[in-house]
Amino acid sequence: MLSLRVHPGQREAAAQAFARRRVLEECAEAIPGFLGGELMLSQDDPDLMYVSALWDGEASYRQWLASPVRAAQGPHLAIFLAQAPSSTLLEMAHSCNAPP
């Protein structure tokens with residue numbers, strides 16, 4: 001999980017830039033172990049966004065961290081950030097999907 005604090009009033013512009021830059025789509029194209037991801041906007045804090053990504057394992061995540069695709073994305077999004085992103089690596093312990 002990646003926490004992104006943006007400059008005040010810049011969250012919508014940052015979210016649009018994230019989508020236009022195709023951050024998650026590029027991730028899926030670059031790393032076969034990427035299973036899915038989401039950009040989420042905090043309902044409690046107007047300057048906070050979260051990125052959640054699901055990987056087939058830690059090795060795939062580490063491959064993404066070292067990817068030149070990821071490095072190229074950074075400058076396009078950094079202009080919106082009020083501080084350095086904060087990340088937490090989580091391990092799935094249990095999940096449930098609603099039936100169709």
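Which residues form one aromatic cluster? In this predicted model, the cluster is made of F34, W55, Y61 and W64.

**The aromatic cluster**

Let's start with the ring pairs, which number 3 here. A pair like this is described by how far apart the ring centres are and by the angle of the planes. F34 and W55 make one such aromatic pair, with 5.2 Å from centre to centre and 70° between the planes. That angle counts as edge-to-face because it is over the cut-off of 60 degrees. F34 sits in strand 2 (residues 34-41) and W55 in strand 3 (residues 48-55), so their pairing ties together parts of the chain that are 21 residues apart in sequence. If you go looking for these two side chains, note that F34 and W55 are both buried.

**How the strands line up**

Strands 2 and 3, the ones that carry F34 and W55, also pair with each other: they run antiparallel and share 7 bridges. A hairpin of 6 residues takes the chain from strand 2 to strand 3. To find your way along this pairing, look for L41, which stands opposite M49 in strand 3.

Strand 3 has strand 1 (residues 2-5) as a partner too, again antiparallel, with 4 bridges joining them. Here L2 has V51 of strand 3 as its bridge partner. Strand 1 also pairs with strand 4 (residues 86-87), antiparallel once more, over 2 bridges. On that side, S3 has its bridge partner in S86 of strand 4. As a general point on reading such a sheet, side chains in a regular strand alternate between its two faces.

**Salt bridges**

There are 4 salt bridges in the structure. The table lists some of them.

| Salt bridge | Closest N to O | Exposure |
|---|---|---|
| D45 and R5 | 2.7 Å | D45 buried, 18%; R5 partly exposed, 26% |
| R21 and E26 | 2.8 Å | R21 buried, E26 buried |
| R22 and E29 | 2.7 Å | R22 partly exposed, 34%; E29 exposed, 57% |

What does the salt bridge between D45 and R5 link? Distant parts of the chain: D45 is in the loop between strand 2 and strand 3, while R5 belongs to strand 1, 40 residues apart. D45 counts as buried because its relative accessibility of 18% is under the 20% cut-off. R5, at 26%, lies between the 20% and 50% limits, so it counts as partly exposed.

**Out at the surface**

L35, L54 and M92 make a nonpolar surface patch of about 310 Å². Is M92 buried or exposed? With a relative accessible area of 53%, M92 is exposed. You'll find M92 in the segment after strand 4.

**A look at helix 4**

H76 is one of the residues of helix 4 (residues 68-78). Its relative accessible area is 45%, so H76 is partly exposed. The C-alpha atoms of H76 and A14 are 9.7 Å apart, although these residues are separated by 62 residues along the chain.

How values were computed
Residues are numbered from 1 along each chain as its sequence is written. This is a predicted model: local features need pLDDT of at least 70, side-chain atom pairs count only at pLDDT 80 or more; totals for chains, interfaces and linings use all residues. Side-chain values use heavy atoms; hydrogens and water are left out. Rings of Phe, Tyr and Trp (its six-membered ring) pair if their centres lie within 6.5 Å; planes under 30 degrees apart count as stacked, over 60 as edge-to-face and the rest as tilted. Buried means under 20% relative accessible area, exposed over 50%, partly exposed in between (1.4 Å probe, protein chains only). Two strands pair if DSSP finds at least two bridges between them. Patches are made of residues with over 30% relative accessible area and no salt bridge: like charges are joined within 9 Å, nonpolar side chains (Val, Leu, Ile, Met, Phe, Trp, Tyr) within 5 Å. Accessible areas come from the Shrake-Rupley method with a 1.4 Å probe; for residues, only the protein chains shown count as cover. A salt bridge is a side-chain nitrogen of Lys or Arg within 4 Å of a carboxyl oxygen of Asp or Glu.
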